[in-house]
Structures are given as C-alpha cells and as structure tokens.
Amino acid sequence: MKKGDTWISAVLYIALGTIIVAMLLAAGIPVINKIRDRNIILETKDVMFGINNAVRTVIREGPGSQRSFTISIERGSLIVDDVHETVNWTMESKTIFSEIGLPIRDGDILMTTRKTSSAGRYDVELSLRYNGLADLRLFGDSNIIGRKELTVKNNGADPGSGEIVVEIRSV
C-alpha cells in the first residue's frame, strides 16, 4: 500500500464521519427542541399550580394570611393582570401542546394553543382566572421573567366591592 492510499482513506473516513454526524444533528435537533419546549411548558404549568394554590390558600385562611415562594420562568412571560384578575403565561413554540384553538382545563388552569403568523410556530397560553373570587392587586413588575420571589397576601375584603383583595408582590 502506498502512502497516498493511506491519506486518501483517512480523508474519506473523516468526510464520511462528518456527514453522518451532520445528518444525525439535522434530524435530532428539532426533536430535542420540541422536547425542551414541552418540558418548559410542563414546568411552567407546575409554577401556575403553585401560584393558584397560594392564592386559594390565602383566600381560604382569611385576612392577613400570606405565602412567599420562589418561581422560575425559563421562557415566555408570566403576566399578572390586575385589571382582568388573571395570571397568564405565554410562549411561542414549535410544539403543539394541545388541540389548536380549543381551550383545555386542567384544574383551574386553562391551556390554549394558537397558530401564529409564522409557519410551524404556535403560541401556548396557560391562564388562571380569579373574576368573582378575588380582586388581584399587583405590586412590582407585571411581566415576570426569570427567577423571582412572589408574596401572595390576603388583605381582607374591599369595602366597595366586597371582593377579597389578594396582593401579589414580585421582588
């Protein structure tokens, strides 16, 4: 065998190996991204269950009751809307988490997946609604992103409306 044959074989093996790795990555990365998005949605759903549990616990325990805890929002944005008495989380994803346009209830959480104007992209929304149950009052940033401390406190009934005032403070 000549020296040149060895080098040609080595170059061919390296090229073949590179092509195989590129094909595996091209097929695997979209699957990995969809799995990652699904996990983020499920983790955020747990955060929403925690917020809901804190709000309902302080309402049940009465004025002065409060709960503090840390939440982590990896992607998307968690918005506390004290005008509409809702807590909403939305994220753009390539994953279809639920049937498109059909709201699905999981406990007190309403989950909705909607198509976006971009092909193959969807908005996933998780919502908690407190109309008629509590008057949410927000202190701090209404758009919660990253790791934050939340305090949920029952401030008693509003004299005007009679609804229980629940203070949500993000730090």
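**Entry 1: the β1-β2 hairpin**

I started at the hairpin that β1 and β2 form, with four residues between the two strands. E85 sits in the turn and has a positive phi of about 60 degrees. I keep in mind that this is a predicted model. β1 covers residues 66-81, and β2 covers residues 86-93. The two run antiparallel, and I find five bridges joining them. For the register I noted I79, which stands opposite N88 in β2.

**Entry 2: the other neighbour of β1**

Which strand is joined to β1 by ten bridges? I find β7, residues 143-157, running antiparallel to β1. Here the register mark is S68, which stands opposite T151 in β7.

**Entry 3: the whole sheet**

Next I traced the strand order. The sheet is open, has eight strands and reads β3-β4-β5-β2-β1-β7-β8-β6. Its pairing is mixed. The edge strands are β3 (104-106) and β6 (134-139), each pairing on one side only. From one strand to the next, I get an average twist of 30 degrees.

Where is a parallel pair? I looked at β6 and β8 (residues 164-170), which run parallel and are joined by six bridges. L136 stands opposite V166 in β8.

**Entry 4: salt bridges**

I then searched the whole structure for salt bridges and found eight. As a reminder to myself, side chains of opposite charge can pair when their charged atoms come close.

I looked at D106 and K45 in some detail. Their closest N and O atoms are 2.5 Å apart, and the pair forms a salt bridge. D106 lies in strand β3 and K45 in helix α1 (residues 3-61), so the salt bridge ties together parts that are 61 residues apart in sequence. Is each partner buried or exposed? K45 is buried, because its relative accessible area of 13% is under 20%. D106, at 26%, is partly exposed.

D135 and R137 were my next stop. Their side chains meet in a salt bridge at 2.7 Å, N to O. D135 is buried, with a relative accessible area of 11%. R137 is partly exposed at 32%.

Which residues do salt bridges with shared partners join into one network? I find R36, D37 and R75. Within this network I checked D37 and R36, whose side chains meet at 3.8 Å, N to O. D37 counts as buried at 4% relative accessibility, whereas R36 counts as partly exposed at 41%.

**Entry 5: E167**

I went back to β8 for E167, which is placed in that strand. At 11% relative accessibility, E167 counts as buried. What does its side chain meet in a polar contact? I find the side chain of N155, at 3.0 Å. Leaving aside neighbours within four places in sequence, E167 is in contact with R137, F139, T151, V152, K153 and N155. R137 in that list is also the salt-bridge partner of D135. T151 in that list is also the residue opposite S68.

**Entry 6: the largest nonpolar core**

The largest nonpolar core holds 32 residues. Which of them touch the most other members? I noted I51, L78, V87, W89, V166 and I168. I then listed the elements that give two or more residues to this core: α1, β1, β2, β4 (109-115), β5 (122-129), β6, β7 and β8. The most comes from α1, with nine residues.

**Entry 7: I168 and V80**

I finished with one contact pair. I168 touches V55, V80, L136, R137, L138, F139, L150, T151 and V152, not counting residues up to four places away in sequence. From these I picked V80, which is placed in strand β1. V80 is buried, with a relative accessible area of 5%. Along the chain V80 and I168 are 88 residues apart, yet their C-alpha atoms are separated by 8.4 Å. With the same exclusion of residues up to four places away in sequence, V80 touches T86, V87, L136, L138, S142, I144 and I168. L136 appears in the contacts of I168 and in those of V80.

How values were computed. Residues are numbered from 1 along each chain as its sequence is written. This is a predicted model: local features need pLDDT of at least 70, side-chain atom pairs count only at pLDDT 80 or more; totals for chains, interfaces and linings use all residues. Side-chain values use heavy atoms; hydrogens and water are left out. Two strands pair if DSSP finds at least two bridges between them. Axes are lines fitted to C-alpha atoms, for helices over the stretch in contact, and angles run from 0 to 180 degrees between N-to-C directions. A salt bridge is a side-chain nitrogen of Lys or Arg within 4 Å of a carboxyl oxygen of Asp or Glu. Buried means under 20% relative accessible area, exposed over 50%, partly exposed in between (1.4 Å probe, protein chains only). A polar contact is a pair of N or O atoms within 3.5 Å; within protein, one must be able to donate a hydrogen and the other to accept it, and residues adjacent in sequence count only if both atoms are side-chain atoms. Contact means heavy atoms within 4.5 Å. A nonpolar core is a set of buried Ala, Val, Leu, Ile, Met, Phe, Trp, Tyr and Cys residues joined through side-chain atoms within 4.5 Å.
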